[in-house]
Amino acid sequence: MIFKFRGFFLLLFICLASPKFVSAQDFLLHEMNYVASNQIPLGDIMDELSKEQGFYFSYQSSLINLNEPITVPSYEGQVEGFLRVLLGEDYEFKEHDKYVIIKYAPGKLDIDLEKGNKSSILRGKVKDFHSGEPVPFASVYEKNTLVSALSDENGDFEFKFKKQPNDLIWLGISKEAYRDTSFVILPTVDVGLREKPNKLRFYPENGVAEAMENSALGRLLIGFRQRVQRLNFGGFFVESPMQVSFTPGLSSQGIFNSQMINNFSLNILGGYTAGVEGLEVAGIFNINQKDVKAFQVAGIFNMTGGDVEGFQASGIHNFVYGNVSGFQVGGIYNHVKGDVNGGQVAGIYNFTDGSSDIQIGGLLNRTAQANVLQIAGLSNHTSTSTGAFQIAGLNNYSEGEVSFQIAGLVNMAENVTGAQFSGLINIAKSSDYPIGLINLIEDGQKSLSVGIDETGLGQIIFRSGGRKLYGLIGTGIMEQSEKTMFGFDFGLGLHVFKKEKTGMDFEFVNRQTTDFSGLTNNSSFFRLIPGYKFGNHFKLVAGPSIGFTAFDKNWTYPSPGYVIAERTTTNGRYSLHAGFYAGIQYSF
């Protein structure tokens, strides 16, 4: 290698990960024994080793074929040596916290440096150690200041950094498919690292960052250099107190911004960072590779690759690949691929692939599992439920159990532990308290009856419901002197008790009677109806009723039944009357 320096500097070349990039538990140095095995799946061997040594493996899923059967000879020595027996010499092994990180790295890096003694500009060329060929798009960074650059197509790089006299320069180089390499440029006397190094974190690769970058918004807004940085650093991130970005890549931390976890982040238009633990504000958008904690606000959208803890709000759209613990507000749309332990509010649509505690949507809510509450202007949908409460202007749907459903038109559920209320139809496998005109309950009952009451209206009524409540809808006809009147009944009933042959129901019925020529009477009835069952399907019913009728002002016929009280005004006649209901029911 060729080094051009003015002044008294030394260069130390290290073809291993920097101590600042590895928080070691010495797992790789542990001694172990392995008894020879024949044609054992590689994944089984690695699982056994992981459990025995107390660490987790981290690697790209496409890197290793875990189902491949291999033959392994007996081995006695260190864990790192055993991994080289399993995988070969083209792999690099590093440690961080409880993880042993496997990286495919057959290549080694070299570097030519040029530096002036007064200038804070560092220039150089990144090369392949064996061939000497330039290596393009390698990440080069000064680890104390976190100033970074990417080598160009010819392997050349240049960046400025702040340096105090006699300060050590620790230079790191990372590139996909190459071993991480560190160079230390230090004065002849002072060889110590700075006292307060930046704290390093490691997150196992899970494919989320790649999916986020390949999304429509990611392809539009995340630049090539940020993508290369992520690939080169392979899951390592650094903590930083703050950053300011105008756009992704144009920031106070340069292209290294995508690997920084900040306490405060300000994105004038938008930014792409590793994450935030504190406050992040953007005029248009925030994009984070990993977690967001505390408070995040964007004018248009937030896209988070990890979890959100705290409060997240955007003018249009929030997209979270992990879980949300807290509260999420989107002007139009929220989408969480994990669980929501808290609440979502959206102007139009909330969508959660996992479970959700509370969803409030202007039009729609959808989740795999609803835990507490869904409120939507039109529709709620959940695949399973732990007893949630659903309220929708149009319909509710649950493939699992819910506590209550209230809908303007239709409710559908597997099991309802509380009540269903709809303007038209309730459908469930089990629902004891459905309140609707038509209730199709699998473990309930349905019946069709013909009957008559004190008004002389001959009726056909369809009753349907659960084991306790039921709804009824019916129609009828009666002859009143020279007039034919048609009646339409809507009501709610309660099974007071039900035995093998006998039972008793209580009903409230509202009726409108009209001749379709201008005469209209409105009546309400309370009925107590005992019944006696004969055969498997038929039941005779008969019982007393009390009714209240508001007659049309042109109605001249007498009040029906036994009149308890009556009053006539300029608007018509009002009558409280007693009577009866009798009929025969067919249950199915």
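Arg 463 is buried, and Glu 507 is buried as well, in what is a predicted model. These two residues form a salt bridge in which the closest N and O atoms are 2.6 Å apart, and the pair links distant parts of the chain, with Arg 463 in strand β40 and Glu 507 in strand β43, 44 residues apart. Through salt bridges that share partners, Arg 463 and Glu 507 belong to one network that also takes in Asp 453, Asp 489, Arg 511 and Arg 527. The points below begin with this network and then turn to other charged pairs, surface patches, a covered helix, backbone angles and a buried threonine.

**The salt-bridge network and Arg 511**

- Arg 511, a member of the network, is placed in strand β43, which spans residues 502–514, and this is also the strand that holds Glu 507.
- Because its relative accessible area is 1%, under the 20% limit, Arg 511 counts as buried.
- The side chain of Arg 511 is joined to the side chain of Asp 489 by a polar contact of 2.7 Å, and Asp 489 is likewise part of the network.

**Other salt bridges**

- A search of the whole structure finds 21 salt bridges, and one of them joins the side chains of Lys 127 and Asp 112, with an N to O distance of 3.4 Å.
- This pair links distant parts of the chain, since Lys 127 belongs to strand β11 (residues 121–128) and Asp 112 to strand β10 (residues 109–115), 15 residues apart.
- Lys 127 has a relative accessibility of 18% and therefore counts as buried, and Asp 112, also at 18%, counts as buried too.
- Another salt bridge is formed by Asp 443 and Arg 467, whose closest N and O atoms are 3.9 Å apart.
- Here the linked parts of the chain are loops: Asp 443 lies in the one between β38 (438–441) and β39 (445–453), Arg 467 lies in the one between β40 (458–465) and β41 (469–480), and the two residues are 24 residues apart.
- Asp 443 is partly exposed at 30% relative accessibility, and Arg 467 is partly exposed with a relative accessible area of 44%.
- As general background, side chains of opposite charge can pair when their charged atoms come close.

**Charged patches on the surface**

- A negative patch on the surface is made up of Asp 44, Asp 47, Glu 48 and Glu 52.
- Within this patch, Asp 44 is located in helix α1, which covers residues 42–53, and its relative accessibility of 45% makes it partly exposed.
- In an α-helix there are 3.6 residues a turn, so residues three or four places apart point the same way.
- A patch of positive charge on the surface gathers Lys 468, Lys 498, Lys 501 and Lys 533.
- One of these residues, Lys 498, is placed in strand β42, residues 483–498, and is partly exposed with a relative accessible area of 49%.

**A mostly covered helix**

- Helix α5, running over residues 224–233, is mostly covered, as seven of its 10 residues are buried.
- The buried residues of α5 include the charged side chains Arg 227 and Arg 230, and the list also contains Gln 226, Val 228, Gln 229, Asn 232 and Phe 233.
- Gly 234 follows α5 and has a positive phi, near 50 degrees.

**Positive phi in residues other than glycine**

- Most residues other than glycine have a negative phi.
- Asp 97, which is not a glycine, nevertheless has a positive phi of about 50 degrees.
- Asp 97 is found in the loop between β8 (91–96) and β9 (99–104), where its relative accessible area of 38% makes it partly exposed.
- Ala 177 is also a residue other than glycine with a positive phi, in this case near 75 degrees.
- The loop between β15 (169–174) and β16 (181–187) contains Ala 177, which counts as partly exposed at 29% relative accessibility.

**A buried threonine in a strand**

- Thr 367 has its place in strand β32, which comprises residues 364–376.
- With a relative accessibility of 3%, Thr 367 falls under the 20% limit and therefore counts as buried.
- The side chain of Thr 367 reaches the backbone oxygen of Gln 369 at a distance of 3.3 Å.

Notes. Residues are numbered from 1 along each chain as its sequence is written. This is a predicted model: local features need pLDDT of at least 70, side-chain atom pairs count only at pLDDT 80 or more; totals for chains, interfaces and linings use all residues. Side-chain values use heavy atoms; hydrogens and water are left out. Patches are made of residues with over 30% relative accessible area and no salt bridge: like charges are joined within 9 Å, nonpolar side chains (Val, Leu, Ile, Met, Phe, Trp, Tyr) within 5 Å. Accessible areas come from the Shrake-Rupley method with a 1.4 Å probe; for residues, only the protein chains shown count as cover. A salt bridge is a side-chain nitrogen of Lys or Arg within 4 Å of a carboxyl oxygen of Asp or Glu. The place of a charge is taken as NZ of Lys, CZ of Arg, CG of Asp or CD of Glu. Helices (H or I, at least four residues) and strands (E, at least two) are DSSP runs, numbered from the N terminus. Buried means under 20% relative accessible area, exposed over 50%, partly exposed in between (1.4 Å probe, protein chains only). A polar contact is a pair of N or O atoms within 3.5 Å; within protein, one must be able to donate a hydrogen and the other to accept it, and residues adjacent in sequence count only if both atoms are side-chain atoms.
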